[in-house]
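This report goes through a single chain with its ligand, moving from individual residues to the sheets that hold them. The sequence and the structure come first.

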Amino acid sequence: MGKIKVEMNPNGIEGLAIIEPTVHGDSRGYFCETYNENDMKEAGLDLRFVQDNQSFSSKGVLRGLHFQKQFPQGKLVRVIQGEVYDVAVDLRTGSPTYGKSYGVILSEENFKQFYIPKGFAHGFVVLSYTALFCYKCTDFYHPNDEGGLMWDDPDIGVEWPIDGIEVKLSEKDQKNPTLKEIEESGFKFVF
Ligand SMILES: Cc1cn([C@H]2C[C@H](O)[C@@H](COP(=O)(O)OP(=O)(O)O[C@H]3O[C@@H](C)C(=O)[C@@H](O)[C@H]3O)O2)c(=O)[nH]c1=O
């Protein structure tokens with residue numbers, strides 16, 4: 001046990017967690033457990049994952065900010081190759097940190113994992129030449145249930161570290177609404 005270091009509630013946002021596994025380096029390279037249910041449970045993260053995802057992107061690609069409405073997903077995200085800035089925005093109605101965001105660098109070098117519970121919008125931008133991103137989800141993908149939040153909504157004010165980087169968005173993500181527009185549509189996460 002004790003194989004992982006966990007920082008709970010970064011930036012005072014309840015439910016978020018940063019997980020750092022122990023990396024065992026030797027003359028051959030390294031070994032690390034990228035997921036151990038018992039260690040996570042001991043740290044207070046009692047989770048069941050049903051889907052693993054992987055995406056590959058080039059520098060400047062920004063995927064997000066995404067959530068599912070009726071079938072919200074908890075996500076345990078990490079980077080296998082490259083470096084990204086990963087962001088979660090609290091969309092939980094009534095949360096004391098509603099509308100607040102937290103961002104963290106995830107890279108092949110820092111081995112950090114980020115747990116984002118349901119009720120958050122999530123996204124990342126690639127800072128390296130390419131990045132291989134992978135994550136575990138607590139619920140399945142429901143294509144008709146997707147929600148989006150504009151990545152640069154001034155009311156959220158995420159400080160993306162993108163100086164000198166040209167941001168590339170999918171067509172879908174170019175049309176994501178602001179938080180105000182989401183509220184006006186009547187959508188609410190209630191848990
Ligand atoms: C997310 C997802 C997509 N797809 C398909 C749909 C589409 O044809 C193709 C690309 O989908 P997207 O453009 O939505 O992929 P992407 O922009 O990478 O979406 C992901 O972004 C990050 C930030 C998240 O947090 C994820 O939950 C997810 O929303 O993959 C699946 O089959 N299963 C899935 O779970």
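## Asn53 and its surroundings

In this predicted model, Asn53 is partly exposed, because 13 other C-beta atoms lie within 10 Å, and a residue needs 20 or more to be buried and 12 or fewer to be exposed. Asn53 is part of strand E5. Apart from residues up to four places away in sequence, Asn53 touches Cys134, Tyr135 and Cys137.

## Lys75 and Tyr135

Lys75 belongs to strand E7, which covers residues 75–81. With 24 C-beta neighbours inside 10 Å, Lys75 is classed as buried. Its contacts, not counting residues up to four places away in sequence, are Ile116, His122, Tyr135 and Cys137.

Tyr135 sits in strand E12, residues 130–137. Tyr135 is also buried, with 24 other C-beta atoms within 10 Å. Beyond residues up to four places away in sequence, Tyr135 touches Asn53, Lys75, Leu76, Val77 and Arg78.

## The six-strand sheet

Strands E1, E2, E10, E7, E12 and E5 form an open sheet in the order E1-E2-E10-E7-E12-E5, with antiparallel pairing. Strand E1 (4–8) and E5 are at the edges; each has a single partner strand, so one side of each is left without a neighbour in the sheet. On average, neighbouring strands of this sheet are turned by 20° against each other, direction ignored.

Within the sheet, strand E2 (residues 17–21) and strand E10 (residues 113–116) run antiparallel and are joined by three bridges. Ile19 has Gln113 in E10 as its bridge partner.

## The five-strand sheet

A second arrangement is an open sheet of five strands in the order E9-E8-E11-E6-E13, with antiparallel pairing. Its edge strands are strand E9 (101–107) and E13, each of which pairs on one side only. The twist from one strand to the next averages 25°.

Seven bridges connect strand E8 (residues 83–90) with E11 in the antiparallel sense. Asp90 stands opposite Phe120 in E11.

## His66 and Gly148

His66 lies in strand E6. It is partly exposed, with 18 C-beta neighbours inside 10 Å. Neighbours within four places in sequence aside, His66 is in contact with Ala121, His122, Gly123, Glu146 and Gly148.

Gly148 is in strand E13, residues 146–148. Gly148 is partly exposed, having 19 other C-beta atoms within 10 Å; the buried class begins at 20. Its contacts, leaving aside neighbours within four places in sequence, are Leu65, His66, Lys172, Asp173, Asn176 and Pro177. Gly148 and Lys41 are 107 residues apart along the chain, and their C-alpha atoms are separated by 30 Å.

## The shell around the ligand

Which residues surround the ligand? They are Asn53, Ser55, Arg63, Gly64, His66, Lys75, His122, Gly123, Phe124, Tyr141 and Ser170. Strand E5 (51–58), strand E6 (62–68) and strand E11 (120–126) each give two or more residues to this shell. By class, the residues of the shell divide into two nonpolar, seven polar and two charged.

Asn53, in E5, is partly exposed, whereas Lys75, in E7, is buried. His66, in E6, is partly exposed.

## Annotated positions

An unreviewed UniProt entry places the feature "active site" at His66 and Tyr135. Although spread over 70 residues of sequence, these positions cluster in space, with a largest C-alpha distance of 13.8 Å. His66 counts as partly exposed, while Tyr135 is buried.

The UniProt annotation "binding site", also from an unreviewed entry, covers Arg28, Glu33, Gln51, Asp52, Asn53, Arg63, Lys75, His122, Glu146 and Lys168. These positions span 141 residues in sequence and the farthest two C-alpha atoms are 43.2 Å apart, so they do not all gather at one spot. Among the annotated residues, Asn53, Arg63, Lys75 and His122 are listed in the shell around the ligand.

Conventions:
Residues are numbered from 1 along each chain as its sequence is written. This is a predicted model: local features need pLDDT of at least 70, side-chain atom pairs count only at pLDDT 80 or more; totals for chains, interfaces and linings use all residues. Helices (H or I, at least four residues) and strands (E, at least two) are DSSP runs, numbered from the N terminus. Two residues are in contact if their C-beta atoms, placed from the backbone, lie within 7 Å. A residue is near a molecule or strand if its C-beta atom, placed from the backbone, lies within 6 Å of it. Ala, Val, Leu, Ile, Met, Phe, Trp, Tyr, Cys and Pro count as nonpolar, Asp, Glu, Lys and Arg as charged, and the others, Gly among them, as polar. Two strands pair if DSSP finds at least two bridges between them. Axes are lines fitted to C-alpha atoms, for helices over the stretch in contact, and angles run from 0 to 180 degrees between N-to-C directions. UniProt positions are given in the numbering used here, feature names are shortened, and annotations may be inferred rather than shown by experiment.
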